[in-house]
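Reader: I've got the sequence and the fold up on my screen. Can you walk me through it, one question at a time?

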Amino acid sequence: MSLENLVNLGARYRVASVLLFLLAFPWLMPYEALAVNILIFGLFAVGFNLVFGYTGMLSFGHASFLGVGSYLTGIAMVHFGLHWLAAIVVGVLASLLAGLVVGYLAIRTRGIYFSMVTLALGQVIYYLFYKAERWTGGENGLRGIKAEVIDLFGFRIDFLNPMTKYYVIWFFVALAMWLVSRILASPFGAVIEAIRENEKRTAACGYDVARAKLLIFVISAGVCGLAGSLRALHLSVVPVDSLHYLQSGQAVMMCLLGGMGTFFGPFVGAGVFLYLEDVVTTLTKYWMGAVGLLFMALVLFFPRGIWGTLVHQLQRRGLLQVERP
Amino acid sequence: MSEITPSLLMLQLVTGIALGTVYALLAIGLSLIFGMLNVVNFAHGAFFMVGAFLGVYFLGLTGNFWLALVIAPLVTGGIGLFAERFLVRPLYGRGIDYPLLLTFGLSYVLIDVVRATFGIEGLPSSTPAALRGAVNLGFGHFPLYRLFLIAATAVVVLALWLFLEKTRYGLIIRAGSRDAEIVRVLGVDITRVWWLVFGLGTAIAGLSGVLAAPTRAVNPEMGIPVLAESFVVTVVGGMGSLPGAVVAGILVGVVFSMTALLAPAYAEMSIFVLMALVLLVRPQGFFGKAGALG
């Protein structure tokens, strides 16, 4: 089989290719915790990309959903003693609800206002959790999240083993990626992309633009919330910074770095970003400035991102026939 | 909790107005740039922080507060001019998200540059000697410096209004924010106007930083919450509206300080709740035009 056929096969079965790659991924990384981190933030960026890359709405409040997912999963386990599987469900449901509230308010505005309003509403949620010290631990974050060991017919699922943890999280990421892929390939997926290209025309074609925007916003919040829930299990603490708008900015960066509006781009962005962070922070204490410079360079010279450029080049040379990989 | 008396409420009201003037100045800078260039400056909080650092630095260098009050905004505006010319300008015509994302990256760089220059701890700031002490307002003593904040903002707003309404250049700016294309056709170098307005907006952000420095901790991260707060003011007042920026700035300041008095735990949150209410009832803000949200 030629390389061209392989590329097209991979693009046609995009979920399978991504998941196969992620199965082998831990062996490519210097240590497992980084691989787990990339897996979680990759999912976060994929969720964010639904709104930013596919619908064209630049939200600066998506940290809220990551944080709400993390906190509610943590609170369910620490304060109510729930099993971690049930706690994940709680976290995702809570982030869906947060997405509904923030989305309902924010989609009343468009363009630049949408960014400003989502940022400001995200800060409400930040202060809310910051102040509810009794439940959230306030400034110190929520501590003491311990996932029980599951004994599955003699196969122990123990989060203390990093590889086991990776593959458990991989399983949830797999479910989410499949769901995201199905949504994007559905008629609804076409509607949100139509909104990105021309909102007025989409409305004129008879689609309920406001409802589609709210729906994709809520779905995106749920995916980000799942990433948050998994992160709480991974870190066994929830840092309060995970709700801050700078965290939302990180999702924007990961998306842009990988390639917004591509299926796998956000994962590539998250991977490169976190790998760079891992390397650069050992070299200099000015990581924030380095990120800023990288971000400006991306916006100015490289807006398609890494994966986006690759896909674009392959399509331009006729090597990739699948329309939306 | 101490008893809440009418005079305490009055004092807190004036405190709120003084706080609100800083918000108003921030929102004016943001609105000027937006109204003209259609760019939301996500580095606005960082420019505020740079202004505060430069203000404290020049005050220490020259020993003269008034000199620092002039120099620091000019230098901040200079950085703004540089940023527009070399970073924002290449992005015109490439979609509204790009300048926003670029200025977000710029804010990271500015924060780390200040950390590298002045250290991560920040600078100690104090009220300038000439403006120390308190004034009796009839219902209690009030810090002179905060009264000065109110007066200084009034002067700046008046000067800006005269500039925009009564000068030829102000006319060009107002025309340019209505329809840049027509102004260009009339032979005005609109790119240059955009450049100067970006400089003016960032200089005003710097000025608000210098003015706010004696009333809060001056550290490299001080602009991060300020950005979110200035967004609240702009959304409440109506984007691109100068009267809206002033009214909403003062309202937000008063809401903050009143909540700080009555329910301290909710002070930070209160202004965001105010914004959510405004969004529900009047999404375009107090002075925004309906349908201008596109």
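Author: Sure, starting with a term: helices (H or I, at least four residues) and strands (E, at least two) are DSSP runs, numbered from the N terminus. This is a predicted model, where local features need pLDDT of at least 70, side-chain atom pairs count only at pLDDT 80 or more, and totals for chains, interfaces and linings use all residues. Residues are numbered from 1 along each chain as its sequence is written, while chains are lettered from A and ligands numbered from 1 in the order in which they are written.

Reader: Is Ile4(B) buried or exposed?

Author: Ile4(B) sits in the segment before helix H1 (6-37) of chain B. A residue is buried if 20 or more other C-beta atoms lie within 10 Å of its own, exposed if 12 or fewer, and partly exposed in between, with C-beta atoms placed from the backbone. Ile4(B) has 11 other C-beta atoms within 10 Å, so this residue is exposed.

Reader: And which residues does Ile4(B) touch, not counting those up to four places away in sequence?

Author: Contact here means that two C-beta atoms, placed from the backbone, lie within 7 Å. Ile4(B) is 258 residues from Leu262(B) in sequence, yet 8.4 Å away in space, C-alpha to C-alpha. Leaving out residues up to four places away, what Ile4(B) touches is Leu9(B) and Leu261(B).

Reader: Which element gives the largest share of the side of chain B that touches chain A?

Author: The contact takes 33 residues from chain A and 36 from chain B. On the chain B side, helix H4 (97-118), helix H9 (223-237) and helix H11 (267-281) each give two or more residues. The largest share there, 14 residues, comes from H4(B).

Reader: How are H2(B) and H8(B) set relative to each other?

Author: Helix H2 (residues 44-62) and helix H8 (residues 190-212) of chain B pack at about 50°, with axes 7 Å apart. Axes are lines fitted to C-alpha atoms, for helices over the stretch in contact, and angles run from 0 to 180 degrees between N-to-C directions. Angles under 35 degrees count as roughly parallel, over 145 as roughly antiparallel, 65 to 115 as roughly perpendicular and the rest as oblique. H2(B) and H8(B) are therefore oblique.

Reader: What is Val232(B) in contact with, leaving aside neighbours within four places in sequence?

Author: Val232(B) touches one residue of chain A, Ala120(A), among its contacts. With those sequence neighbours left aside, the full set is Ala120(A), Val252(B), Ile271(B), Phe272(B) and Met275(B).
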